[in-house]
Amino acid sequence: MQSFQLNRVPKFVSLYIFVFQLQKMQHFKFIDLFAGIGGFHIAMQSLGGECVFASEIDRYAIDTYKTNFGINAAFDITQVSEHNVPPHDMLCAGFPCQAFSKAGKQNGFDDTRGTLFFDILRILNHHRPKYILLENVRNLVAHDKGRTWQVIHKNLVDLGYLIPSKPIIISPHQIGVPQLRDRVFIPGILKDQTKEKELNIVVPKSKRNTTQSQAATNGKSSADLKITDYEEYVLKAWDEFLQGLNHRVLGFPVWAAEFGQDYNTEQLPRWKQEFIRKNRELYQTNQPHIDRWLTKYNNLKDFVATHRKFEWQAGTSIQSVWDGIIQFRPSGIRVKRPTEFPALVAMVHVPIIGWEKRRISAREAANLQGFPTSYKINPNKQQAYKQFGNSVNVDVVRYIAQQLFKH
Ligand SMILES: C[S@@+](CC[C@H](N)C(=O)[O-])C[C@H]1O[C@@H](n2cnc3c(N)ncnc32)[C@H](O)[C@@H]1O
């Protein structure tokens, strides 16, 4: 609707046509491939879309989808003929980032065979819906030295779609949702259905929140969300470690195992040597404090190995572990600033709200992913976290789709 034609008509007429076209969009049909628990579904429905087909192979996700939308999505897309997919105006797919290792040599349609992207292509090829919106992890862009993106782009363009020349990378925090989650979005419109030569999608500049309250959640806590005594003990120890240091900014992961060590590191990779050097230096410049600290905490012997590592990623924005958002990760205990949550991920590291000494609830994960309060969460808690970690952010989908539909 921002076409050059419309740019020439008076504003009120543009507005009228805009509203008219939005109304027109209220009757569009969409399909939801790799549907998960329906992040795309909710966004499309809110823009007037009707889901005519969904496909998903995870049985828990299938259950959640059915409970919420009454649609049986139990189809392995590789086994579904495109002839059996109903006609639609829009194809949505948050496809798994599968290796495109075979792709990229000739950049051709055949090269994508064997990847799930191929299944998207064959459905597009057959149905030619006006709009597409694909989503993937940010790494897709760098994958295989950029060739994966080129293959995807070229194949979609060859099928007749107008695609932004550069991948659109956007995180919910850029549109005011307190979660850092960079993802690639690939919107497209059939070239023969638009007069435009470029598909422009505006991505707001990265704006970080400044207050803790924006990231604060509904504050409701049940006993099972509370961190364990052990976790509290470990975090208390790291907080004390931090408080006693002669400087607060730690631009590298702290590896307590390196304190006081002097073994030769030459055989190790460069990055590791560098971290070790910095840790030993940190020890030397803070030795009295660190020695006292190690003695108090029994040389961290009661700590799980990964909890002897500590990543302070909050800069100077906060002074204490308890003021941050914390994750117990395989790489160590990570503390981030309180203004945004780290990307929710599929299974583990459910974020801990430091100042409430508890993990976020599945409902809060749903909120952070833009799912409405009416959304019925899978009763299996582990599955619920996994599902929201896997899902697309509803607000971001809506944000991109609204712009796409203006074309
Ligand atoms: C990144 S998730 C997409 C999540 C979804 N966008 C949402 O909002 O919940 C990818 C999904 O693709 C599903 N999947 C993987 N292979 C599939 C296949 N062959 N057919 C259908 N779904 C598949 C996975 O089970 C997973 O749920």
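The following questions and answers walk through a predicted model of a protein chain and its ligand.

Biologist: How many helices and strands does the protein chain have?

Modeller: The model is predicted, and its chain has 407 residues. Of these, 38% count as buried. The secondary structure comes to 13 helices and 13 strands.

Biologist: What share of the contacts between residues at least 6 apart in sequence join residues at least 24 apart?

Modeller: Take the contacts in the protein chain between residues at least 6 apart in sequence. Those that join residues at least 24 apart make up 67%.

Biologist: Which helix gives the largest share of the largest nonpolar core?

Modeller: The largest nonpolar core has 91 residues. L33, L91, C92, L133 and V397 have the most contacts inside it. Seven residues of this core, the largest share, come from residues 394–404, which is helix α13.

Biologist: Why does this core lie between domain 1 and domain 2?

Modeller: Domain 1 covers 4–205 + 389–404, and domain 2 covers 221–360. The core lies between them because residues come to it from both domain 1 and domain 2.

Biologist: Which residues is V397 in contact with, leaving aside neighbours within four places in sequence?

Modeller: V397 is one of the residues with the most contacts inside the core. Another of those residues, L133, is also a contact of V397. Leaving aside sequence neighbours within four places, the full set for V397 is G39, F40, A43, L133 and V392.

Biologist: Why is helix α12 largely enclosed by the rest of the structure?

Modeller: Helix α12 spans residues 381–390. Q383, A384, Y385, K386, Q387, F388 and N390 are its buried residues. The helix is largely enclosed because the buried residues number seven of the ten.

Biologist: Which elements do the buried residues of α12 pack against?

Modeller: The buried set includes F388 and N390. Two elements receive this packing: α4 (59–69) and α11 (362–368).

Biologist: Is N68 buried or partly exposed?

Modeller: N68 is found in helix α4. Residues up to four places away aside, N68 touches G38, Y375 and K376. G38 is 30 residues away along the chain, with a C-alpha separation of 8.7 Å from N68. N68 has 19 other C-beta atoms within 10 Å, and buried takes 20 or more, so N68 is partly exposed.

Biologist: What is the order of the open sheet of six strands?

Modeller: The pairing in this sheet is mixed. The edge strands, each pairing on one side only, are β8 (254–255) and β13 (358–359). Read across, the order is β8-β9-β11-β10-β12-β13.

Biologist: How many residues of strand β11 are buried?

Modeller: Strand β11 covers residues 332–336. β9 runs parallel to β11, joined by four bridges. β10 pairs with β11 in the antiparallel sense over five bridges. Strand β11 is mostly covered, and the buried count is five of five.

Biologist: Which residue in β11 is the bridge partner of W312?

Modeller: Strand β9 takes in residues 309–313. The parallel pairing of β9 and β11 sets W312 against V335.

Biologist: How many residues lie between β10 and β11 in their hairpin?

Modeller: I325 has K336 as its bridge partner in β11. R329 stands opposite G332. Between the two strands of the hairpin, the number of residues is two.

Biologist: Is R359 buried or exposed?

Modeller: R359 lies in strand β13. Beyond four places in sequence, R359 is in contact with L225, V350, P351 and I352. S222 is 137 residues away in sequence, yet its C-alpha is 9.8 Å from that of R359. With 23 other C-beta atoms within 10 Å, R359 is buried.

Biologist: Where is R128 found?

Modeller: Most residues other than glycine have a negative phi. R128 has a positive phi of about 50 degrees and is not a glycine. It counts as partly exposed, with 16 C-beta neighbours inside 10 Å. R128 is found in the loop between α5 (116–127) and β4 (131–137).

Biologist: What is the phi of N299?

Modeller: N299 lies in the loop between α10 (287–296) and β9. With 14 C-beta neighbours inside 10 Å, N299 counts as partly exposed. N299 is not a glycine, but its phi is positive, at about 55 degrees.

Biologist: How do the residues of the shell around the ligand divide into nonpolar, polar and charged?

Modeller: The ligand is surrounded by 21 residues. The closest are F34, G36, G39, G94 and S391. The shell divides into ten nonpolar, eight polar and three charged.

Key:
Residues numbered from 1 in each chain as written. Predicted model: local features only at pLDDT ≥ 70, side-chain atom pairs only at ≥ 80, totals over all residues. Core = buried A, V, L, I, M, F, W, Y, C linked by C-beta atoms within 7 Å. Buried ≥ 20, exposed ≤ 12 C-beta atoms within 10 Å, placed from the backbone. Domains from an automatic or database assignment. Contact = placed C-beta atoms within 7 Å. Pairing = 2+ DSSP bridges. Near = placed C-beta within 6 Å. Nonpolar A, V, L, I, M, F, W, Y, C, P; charged D, E, K, R; others polar.
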